[in-house]
Amino acid sequence: MTPRPRNFHEATPGPGWEALPLPALILDAEGRVAAMNDAAEIWLNLSRNSTLGKPLDGDEMSIRLRLQPGLAPLLARVRASDEALYQASVQFEIGDRAGGHQARRGAVHAGPAGQAGGAVSLLIVPQDDDG
């Protein structure tokens, strides 16, 4: 298991979290992945154990995942307004074991996770090539 930062606390989503049919994540106030469901592991091609505690679009993850545009402005707006917001089209460049990246697109729905300290929940709605 990958070591986690000392000040990191894994989120404990409620019942039904794993049953969500879409990729879902919870990011803590510092943008680190605090929870991810099975659909997120599969769609993003990321192991939960190696991802928890790391910023989703930070330098540590850039080999495995790159986001265009980055999610920092969206997360800041959610935290400032305490409302759910939507990013219509995000390109996820998902790394593979051979060192290449596969581009996927998805709409990102973000909202307060209901936990203290600015946690944000993300729901990714995969989009096909036609949008």
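**Close-up views of the predicted model**

**View 1. Glu18, in the segment before S1.** With 39% relative accessibility, Glu18 counts as partly exposed. Please keep in mind for this view and the ones below that the model is predicted. Glu18 and Asn37 are 19 residues apart along the chain, and their C-alpha atoms are separated by 5.2 Å. Leaving out residues up to four places away in sequence, Glu18 touches Met36, Asn37, Asp38 and Arg48. Two of these neighbours, Asn37 and Arg48, return in the next views.

**View 2. The salt-bridge network of Glu18, Asp38, Glu41 and Arg48.** Six salt bridges turn up in a search of the whole structure. Side chains of opposite charge can pair when their charged atoms come close. Here Glu18 forms a salt bridge with Arg48, and the closest N and O atoms are 3.2 Å apart. This pair links distant parts of the chain: Glu18 belongs to the segment before S1 and Arg48 to helix H2 (residues 48-51), 30 residues apart. Asp38 also meets Arg48 in a salt bridge, at 3.0 Å from N to O. Asp38 lies in helix H1 and Arg48 in helix H2, so this salt bridge ties together parts that are 10 residues apart in sequence. Asp38 counts as partly exposed, at 35% relative accessibility. The side chain of Glu41 joins in through a salt bridge with Arg48 (3.2 Å, N to O). Through shared partners, these salt bridges connect Glu18, Asp38, Glu41 and Arg48 into one network.

**View 3. Asn37, in the loop between S2 and H1.** Strand S2 covers residues 33-36, and the loop that holds Asn37 leads from there to H1. Is Asn37 buried or exposed? Asn37 has a relative accessible area of 0%, under the 20% limit, and therefore counts as buried. The side chain of Asn37 reaches the backbone oxygen of Leu22 at 3.0 Å. Apart from neighbours within four places in sequence, Asn37 is in contact with Trp17, Glu18, Leu20, Leu22, Pro23, Ala24 and Arg48. Readers coming from the network view will recognise Glu18 and Arg48 among these contacts.

**View 4. Strand S1, with S2 and S6 as partners.** S1 (residues 24-27) pairs with S6 (residues 120-127) in the antiparallel sense over four bridges. Opposite Ala24 in S6 stands Leu123, and opposite Ile26 stands Ser121. S1 also pairs with S2, again in the antiparallel sense, over three bridges; Leu25 has Met36 as its bridge partner in S2. Five residues lie between S1 and S2 in this hairpin, and Gly31 in the turn has a positive phi of about 80 degrees. In a regular strand the side chains alternate between the two faces of the sheet. Which residues of S1 are buried on each side? Ala24 and Ile26 are buried on one side, Leu25 and Leu27 on the other, and both faces of S1 are covered.

**View 5. S5 beside S6.** Strand S5 (residues 101-112) runs antiparallel to S6, and eight bridges join the two. Along this pairing, Ala110 has Leu122 as its bridge partner in S6.

**View 6. The largest nonpolar core.** In soluble globular proteins, nonpolar side chains tend to be buried together. The largest nonpolar core of this model has 33 residues, of which Leu44, Leu56, Leu71, Phe92 and Leu122 touch the most other members. The elements that contribute two or more residues to it are S1, S2, H1, strand S3 (65-68), helix H3 (72-81), S4, S5 and S6. For a look at one member, turn to Leu56. Not counting residues up to four places away in sequence, Leu56 touches Leu25, Leu27, Gly31, Val33, Met61, Leu65, Leu67, Leu71 and Leu122.

**View 7. The aromatic pair of Trp43 and Phe92.** A pair of aromatic rings is described by the distance of the centres and the angle of the planes. With ring centres within 6.5 Å as the rule for pairing, the count comes to one aromatic pair. How do Trp43 and Phe92 meet, and what is the angle between their planes? They meet edge-to-face, at 5.1 Å centre to centre and with 75 degrees between the planes. The pair links distant parts of the chain, as Trp43 sits in helix H1 (residues 38-44) and Phe92 in strand S4 (residues 85-95), 49 residues apart. Both partners are buried: Trp43 has 14% relative accessibility, and Phe92 has a relative accessible area of 1%.

Key. Residues are numbered from 1 along each chain as its sequence is written. This is a predicted model: local features need pLDDT of at least 70, side-chain atom pairs count only at pLDDT 80 or more; totals for chains, interfaces and linings use all residues. Side-chain values use heavy atoms; hydrogens and water are left out. Rings of Phe, Tyr and Trp (its six-membered ring) pair if their centres lie within 6.5 Å; planes under 30 degrees apart count as stacked, over 60 as edge-to-face and the rest as tilted. Buried means under 20% relative accessible area, exposed over 50%, partly exposed in between (1.4 Å probe, protein chains only). Two strands pair if DSSP finds at least two bridges between them. A polar contact is a pair of N or O atoms within 3.5 Å; within protein, one must be able to donate a hydrogen and the other to accept it, and residues adjacent in sequence count only if both atoms are side-chain atoms. Contact means heavy atoms within 4.5 Å. A nonpolar core is a set of buried Ala, Val, Leu, Ile, Met, Phe, Trp, Tyr and Cys residues joined through side-chain atoms within 4.5 Å. A salt bridge is a side-chain nitrogen of Lys or Arg within 4 Å of a carboxyl oxygen of Asp or Glu.
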